[in-house]
Every structure is written in C-alpha cells, then in structure tokens.
Amino acid sequence: MRDNKTSQAANEYDANVHKTLPRYHLFHTETLDLVKTVVPKPQAWLDSGCGTGTLVLQAIECFGKMKIVAADPAESMLSMAKEKLANYEITYMPAGSEELCCPDSFDVVTAIMSHHYLQDELRIKATNNCYKLLKRGGVYVTFETIRPISKQGIQIGLERWKNAQLLSGKNAAAVEKHISRYGIEIFPITIQDHINILQAAGFSTVEILWVSCMQAGFYGIK
Ligand SMILES: C[S@@+](CC[C@H](N)C(=O)[O-])C[C@H]1O[C@@H](n2cnc3c(N)ncnc32)[C@H](O)[C@@H]1O
C-alpha cells in the first residue's frame, strides 16, 4: 500500500525518483536559478508538496537562513523531510496547496510535481491559493507532468517516457504500472492550460521555465 500519492513509498523516494523522472534534478536547479534572478534575497519560502525536503535543503544551501515552510499532505513524506532537514529551523505543515492559509507571506512559493494529482477544480484552487500566499513581487514556480496537445503526441510522449525509465534501470512491470497512472491517478494538463490557470489566478507575469518530453516548469510573478 502506498503511503503518499507518488508511485513509490516515502522511504524509497530519494533512491528511485530519478528513474521515474530522468531529469528530476533539473526541476530544482532551474527553480533555484530563476529565484536567484527574480528574488535574489528571499526572506520567506514555502515549498508546497515538499516531499522528502530535497528542494528545501538546496534552497537553504543557496540562499542561507530565511523563514521556511515545508508543506505536504503526506505525513510519510514530511517525516522524511524532517530527517533530512533536522539541522535547520523549518515550519512543517501537513496540508495540500489548496488548504494552506497565510496570505501575502512568502517571497517564493514552489510546488514541484505536486499538483498533477488534482483534478480541474482543486488544481485551480491550489494555484489560486499559491498566488494568495505570495507577497506582491513574489514568484511562484511549479513543475508538472504535462499533456501533449494531440492524441498521437500523448502516445509518443508516453512511449519516450517509458523508454527513458527502462534505460534508467527500472523493470518493465514497474514502468508499465507507472505509465498506467497517466490520466487515472495523475491528471496532466497542457502547457496552454497551465498558462491560462496562472494568468487567471492573477499573476502579472506568466512564463514557461523549462520543457522536456513529458514535464514542464512554469513561473508566475505576483
Ligand atoms: C512527486 S512528489 C514531489 C516531491 C518534491 N516536491 C520533489 O521535488 O521531490 C509529489 C508530492 O506532492 C505531494 N502532494 C500530493 N497532493 C498534494 C497537494 N494537493 N498539494 C501539495 N502537495 C501535494 C505528495 O504527497 C508528494 O510528496
């Protein structure tokens, strides 16, 4: 039985995530690089869907001491994050992006691969809430598995994603099981839909940050 919404148990996540998401580390390095430019000295950062705390650790290493809130609805993930970040003062919140409530509080809000479990209404609620949580001028960064625009594009994208997972050493049954979640347990939307949702949330600047075969990153500035 899974202890969170990802395809692996929390205590196996760090060892395996790069096999499922071959460019996983780039989600974090691209995020940090963007923040360096937009908010070079962040005072307060919320990582929503923080998982095992990998991005939070890198943010501290990159930007030094600041107020940090690490949120995740999965207690199992939060407890892994607490272990990883034991040396730092962090506020933990056992909640999803759609539930957090502390408006106008953060210079940076990140939600890296955290919202594709949500269907339309809740996803919009989560994005709107991330907007509310930011201070004016603050930046929101999100990465997601995406939906190519055509049926054939989806087939090709999933095939390429499958092959990348096999090449990374994952066994065929695990790869099939993971790919079968697409549209059933995760609900990817197109790049255009992402842009629309961010613009509707009120972000004054909305941009694509990064795109690969089946994942993309976006940012919005409040
Ligand atoms: C694929 S992991 C990504 C973890 C981390 N952000 C990273 O970069 O490794 C997805 C995380 O999103 C969390 N999650 C699920 N539903 C969420 C929601 N509604 N809001 C925020 N996070 C959510 C899961 O519990 C899980 O820890």
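Me: Which residues line the largest cavity?

Reply: The lining of the largest cavity is made of His115, Arg123, Thr127, Tyr140, Thr142, Glu144, Ile189, His194, Ile197 and Leu198. Helix H5 (120-133), strand E5 (134-145) and helix H8 (191-201) each give two or more residues to that lining. Keep in mind that this is a predicted model.

Me: What shows where empty space is left?

Reply: A probe the size of a water molecule is rolled over the atoms, and this shows where empty space is left. Here the count comes to 1 cavity of 30 Å³ or more.

Me: How much space lies in the largest cavity?

Reply: About 60 Å³.

Me: How do the residues of its lining divide by class?

Reply: The lining of the largest cavity has 4 nonpolar, 4 polar and 2 charged residues.

Me: Now the pockets. What volume does the largest pocket have?

Reply: The largest pocket has about 650 Å³. It is lined by 39 residues, and Lys5, Thr6, Met113, Ser114 and Tyr117 are the closest to its centre.

Me: Which elements each supply at least two residues of that lining?

Reply: Look for helix H1 (10-20), helix H2 (24-38), strand E1 (44-48) and helix H3 (54-63). H1 gives the largest share of the lining of the largest pocket, with 3 residues. By class, this lining splits into 16 nonpolar, 18 polar and 5 charged residues.

Me: Where does the ligand sit?

Reply: In the largest pocket. There are 20 residues around the ligand, and those that come nearest are Tyr13, Tyr24, His28, Gly49 and Asp72. The shell around the ligand holds 10 nonpolar, 8 polar and 2 charged residues.

Me: How do I read a polar contact with the ligand?

Reply: Look for a pair of N or O atoms within 3.5 Å. Take Tyr13: a polar atom of its side chain is 2.8 Å from a ligand oxygen. His28 has a side-chain N or O atom 2.8 Å from an oxygen atom of the ligand. At Ile112 the partner is a polar backbone atom, 2.9 Å from a nitrogen atom of the ligand.

Me: How much of the accessible area of the ligand does the protein cover?

Reply: On its own, the ligand has 590 Å² of accessible area, and the protein covers 97% of it.

Me: What about the second largest pocket? How much space lies in it?

Reply: The second largest pocket holds about 360 Å³. Its lining has 17 residues, with Ser7, Gln8, Lys170, Ala174 and Lys177 nearest its centre. H1 and helix H7 (172-179) are the elements that give two or more residues to this lining. H1 provides the largest share, 4 residues.

Me: How many residues of its lining are charged?

Reply: There are 7 charged residues, along with 2 nonpolar and 8 polar ones.

Me: One last feature. What sign of phi do most residues other than glycine have?

Reply: Negative, so a positive value is worth a look. Asp104 has a phi near 55 degrees, which is positive, and is not a glycine. Find Asp104 in the loop between strand E3 (91-93) and strand E4 (106-112).

Me: What is phi of Met113, and where does Met113 lie?

Reply: Phi of Met113 is near 60 degrees, again a positive value in a residue other than glycine. Met113 is in the loop between E4 and H5. You have met Met113 before, among the residues closest to the centre of the largest pocket.

Conventions. Residues numbered from 1 in each chain as written. Predicted model: local features only at pLDDT ≥ 70, side-chain atom pairs only at ≥ 80, totals over all residues. Heavy atoms only, no water. Near = heavy atom within 4 Å. Polar contact = N/O pair within 3.5 Å; in protein donor to acceptor, adjacent residues only side chain to side chain. Areas by Shrake-Rupley, 256 points an atom, 1.4 Å probe, with all protein chains shown as cover. 1 Å grid on protein atoms, 1.4 Å probe; cavity = no way out; pocket = protein on both sides within 12 Å on 5 of 7 lines; lining within 4 Å. Sits in = over half its atoms within 2 Å of the grid points. Nonpolar A, V, L, I, M, F, W, Y, C, P; charged D, E, K, R; others polar. Points joined across faces, edges and corners; volume = space filled by probe spheres on them.
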